[in-house]
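Student: Please take me through one part of this structure closely. I would like to start with a single hairpin and the sheet around it, then see how other loops and a pocket look.

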Amino acid sequence: MKSTMARILVAASLGLCLGANAAFAEEAKTRSTKLDDDKAASRANYTVFATGLAEPRGLLVAPSGDLYVAEQKSGSIVKITPDGKITRIADGFVSPHDLAIDAKGNIYVAETGTGRVAMISPARKVTTYLANLDGPVDLDFNPHGELLVCELQSGKVRAFQSPNKYRTVVTLVGPHGLAFKTGDTFVNDWKGDKVVKVSPQGRVQVIANVKGPVGLAFGRSGDLYVAQPQARMVSRIKPDGTRLVFIENLAEPRDPVFDSAGNLFLAETAAGRILKFSGDF
């Protein structure tokens, strides 16, 4: 569980170019996709939690309550405390798209521009955890402790027990977001304009047709919240598949995430800010 979109740094090698292609593809789709005609919007009130960020995305709430954010444009990883204090804990990444954290407090970065997953230790040392990936844009740990990585260019979602031991969970047109519930894995198919559910046995079921989904998260209600940056909205999908507009007319919303209190945080990438929603989600 990945702008107007990316103004990615010009790649100096073929590996960098491959990673950049995935981001430029999303930028092109941003310019061309129109808003959906959905069911009546629900009221969603929010406050601005943080501003002045360089194309934020890849939100992660740590057990400490701190919010971590990838700044795609600047290549920095940012920590925001519950009271809003901003600290940049690492930089130098090329188009970072998403973040995950393990039980030891290591933070993993999907670095799309270099085709790798980097790891930031609690001491802020940066190393490469996975290399030679095909457009990594999203990642998250499943309940079994495997690190799942969405590779946008190959369409694969792979689960890594270690850098050398992995399995393919599903192959889609363009996976771009992860969530887990009751043993199932939920994946956005950004290029396929849908959200799918993958059972432990590998059965794939379409949950909803959603234009350009990037990032998804379950609320306490069991509803699924899906960001759609090209459509400038967030959809709320009920367990029966009914889709509502949660909020619309945002500047490229991405990567919703909930904290332990049930508050919803959302990156508004093109506006350089993080929104915070409180309510019955």
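Tutor: Start at the hairpin of E22 and E23. Five residues lie between these two strands, and among them Gly262 takes a positive phi near 90°. Keep in mind that this is a predicted model.

Now look at the strands themselves. E22 and E23 run antiparallel, and four bridges join them. Pick out one bridge to fix the picture: Arg254 has Ala267 in E23 as its bridge partner.

Follow the chain onward from E23. Strand E23 covers residues 264–268, and strand E24 covers residues 273–277. These two also run antiparallel, joined by five bridges. Two of the partners are worth finding. Leu264 is matched with Phe277 in E24. Leu266 is matched with Leu275, also in E24. The turn here has four residues between the strands. Gly272 sits in this hairpin with a positive phi near 70°.

What holds such strands side by side? Strands of a sheet pair through backbone hydrogen bonds, and the pairing can be parallel or antiparallel.

Step back to see the whole sheet. It is open and has four strands, in the order E1-E24-E23-E22. The pairing is antiparallel. Strand E1, residues 46–50, is one edge, and strand E22, residues 253–258, is the other. Each edge strand pairs on one side only. From one strand to the next, the twist averages 30°.

Is E23 mostly covered or mostly open? It is mostly covered, with five of its five residues buried. Check which way the side chains go. Leu264, Leu266 and Glu268 point one way from the strand. Phe265 and Ala267 point the other way. Every one of these five is buried, including Glu268.

Next, move just past E1. The loop between E1 and strand E2 (56–61) holds Glu55. Glu55 is not a glycine, yet its phi is positive, about 60°. Is Glu55 buried or exposed? Its relative accessibility is 6%, so Glu55 counts as buried, the cut-off being under 20%.

Compare that with Thr182. Thr182 lies in the loop between E14 and E15. Thr182 is not a glycine either, and its phi is positive at about 45°. Here the relative accessible area is 73%, so Thr182 counts as exposed, the cut-off being over 50%.

Now for another hairpin. Strand E10 (residues 136–141) and strand E11 (residues 147–151) pair in the antiparallel sense over five bridges. One of the bridges links Asp140 to Leu148 in E11. Five residues lie between E10 and E11, and Gly145 in that turn has a positive phi of about 90°.

Gly115 is another glycine in a loop. Gly115 lies between strand E7 (107–111) and strand E8 (116–120). Its relative accessible area is 4%, so Gly115 is buried. Look for Leu133 as well. Gly115 and Leu133 are 18 residues apart along the chain, but 4.8 Å separates their C-alpha atoms.

Turn to the second largest pocket. About 250 Å³ of space lies in it. Strands E13 (165–171), E14 (175–181) and E15 (184–189) each give two or more residues to the lining. The largest share, three residues, comes from E13. The lining has 16 residues in total. Which of them lie nearest the centre of the pocket? They are His144, Arg167, Gly183, Thr185 and Pro200. By class, five lining residues are nonpolar, eight are polar and three are charged.

Finish with the whole protein. There are one helix and 24 strands. Of the 281 residues, 57% are buried. The protein exposes about 11,800 Å², with carbon and sulfur atoms supplying 48% of that area.

Go back to E23 once more. Strand E23 has E24 on one side and E22 on the other in the sheet order. Its five residues are buried.

Conventions. Residues are numbered from 1 along each chain as its sequence is written. This is a predicted model: local features need pLDDT of at least 70, side-chain atom pairs count only at pLDDT 80 or more; totals for chains, interfaces and linings use all residues. Side-chain values use heavy atoms; hydrogens and water are left out. On a 1 Å grid over the protein atoms alone, a cavity is a set of points where a 1.4 Å probe fits but cannot get out, and a pocket is an open set with protein on both sides within 12 Å along at least five of seven lines; lining residues have an atom within 4 Å of a point. Grid points are joined across faces, edges and corners, and a volume is the space filled by probe spheres set on the points. Ala, Val, Leu, Ile, Met, Phe, Trp, Tyr, Cys and Pro count as nonpolar, Asp, Glu, Lys and Arg as charged, and the others, Gly among them, as polar. Buried means under 20% relative accessible area, exposed over 50%, partly exposed in between (1.4 Å probe, protein chains only). Accessible areas come from the Shrake-Rupley method with a 1.4 Å probe; for residues, only the protein chains shown count as cover. Two strands pair if DSSP finds at least two bridges between them. Axes are lines fitted to C-alpha atoms, for helices over the stretch in contact, and angles run from 0 to 180 degrees between N-to-C directions.
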